[in-house]
Amino acid sequence: MKKIGFIGAGNMATAIIKGLISQYGGKSDFINVFDLSAQKCDIMKDMGANVFKSCAEVIENSSIIVLAVKPQNYAEVLGSVKDVINIDKTIVSIAAGISISYVQNMLGCNCPVVRVMPNTPLLLKKGASALCPSENISDEDRDIVYNMFAGSGVCEYITEEHMNEIIAVNGSSPAYIYLFAKAMADYAENCGIDYKQAMNLICAVFEGSAAMLRDSGDSADVLIEKVSSKGGTTIAALERLKEHGFYEAILDAMDACTKRAEELGK
């Protein structure tokens with residue numbers, strides 16, 4: 001079994017590692033980790049991972065390396081390990097805005113790179129991940145990386161020209177959903193409805209609506225129409241949302257997300 005290394009052991013790395021351990025029947029001795037936080041390293045040890053004292057040691061002892069650090073730290077991390085990277089190592093980048101060429105150029109090596117945009121529901125095996133592998137990756141490593149994320153949710157291959165834009169679609173978007181849910185629950189509470197009861201119903205609404213979008217065979221427009229009786233309550237709500245530019249605000253927010261990703265990659 002190939003050794004998989006993680007530089008960084010934050011929430012996203014932890015979610016991926018838990019998914020890997022689950023996929024491999026509880027086995028964890030193939031996972032190598034380094035993090036500056038002693039507390040996070042202790043958590044990794046408790047999970048059965050091998051904890052190393054430096055990024056370089058993780059890379060030397062791993063075939064596939066997941067860079068689970070913030071985009072702002074990429075230059076420092078990549079610069080510190082370029083002497084131990086070679087063409088046989090596959091790098092997995094999960095940072096917003098960081099291109100395949102940026103990773104290869106900073107490493108001074110044309111090693112295979114897989115650019116991935118996951119999201120935090122990976123923690124509950126409900127993730128949505130977009131992947132873009134470089135052309136020089138082996139079929140074996142491509143499959144290993146795909147399964148690394150597919151084991152904790154849905155995966156789609158996306159061309160790199162759209163990897164900044166996809167962040168707004170699946171990477172950052174859970175926050176939009178949480179904000180929408182919060183507004184709905186706050187409204188219910190302000191009306192005297194118990195917050196927890198309202199949130200329970202709201203979560204079921206999101207789950208059911210997602211199932212309708214995926215499985216009903218109807219488009220989003222058709223589903224909206226089916227809920228909206230002429231002169232009814234839903235139409236009243238939709239008209240008010242339209243007055244406030246709800247649809248346009250979402251498009252604008254997603255565009256801002258993409259532009260920030262482009263800034264981070266420079």
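Display the molecular surface first: the accessible surface of the chain comes to about 15100 Å² (Shrake-Rupley method, 1.4 Å probe), and 55% of it belongs to carbon and sulfur atoms. This is a predicted model, in which local features need pLDDT of at least 70 and side-chain atom pairs count only at pLDDT 80 or more, whereas totals for chains, interfaces and linings use all residues. Residues are numbered from 1 along each chain as its sequence is written, and side-chain values use heavy atoms, without hydrogens and water.

Switch next to the cartoon, where 12 helices and eight strands appear; these are DSSP runs (helices H or I, at least four residues; strands E, at least two), numbered from the N terminus. The C-alpha trace spans about 70 × 35 × 30 Å along its principal axes. Of the 266 residues, 38% count as buried, that is, under 20% relative accessible area with a 1.4 Å probe and protein chains only.

Now select Cys-109 and Cys-111. The sulfur of Cys-111 lies 4.2 Å from that of Cys-109, its closest cysteine sulfur, and is therefore too far for a bond; a disulfide requires two cysteine sulfur atoms within 2.5 Å. Cys-111 is buried, with a relative accessible area of 0%. Proceed to Cys-132, which is in no disulfide, the nearest cysteine sulfur being that of Cys-155, 13 Å away. Cys-132 is also buried, with a relative accessible area of 8%. The count for the chain is zero disulfides.

How values were computed:
Buried < 20%, exposed > 50% of the residue type's maximum accessible area, 1.4 Å probe, protein only.
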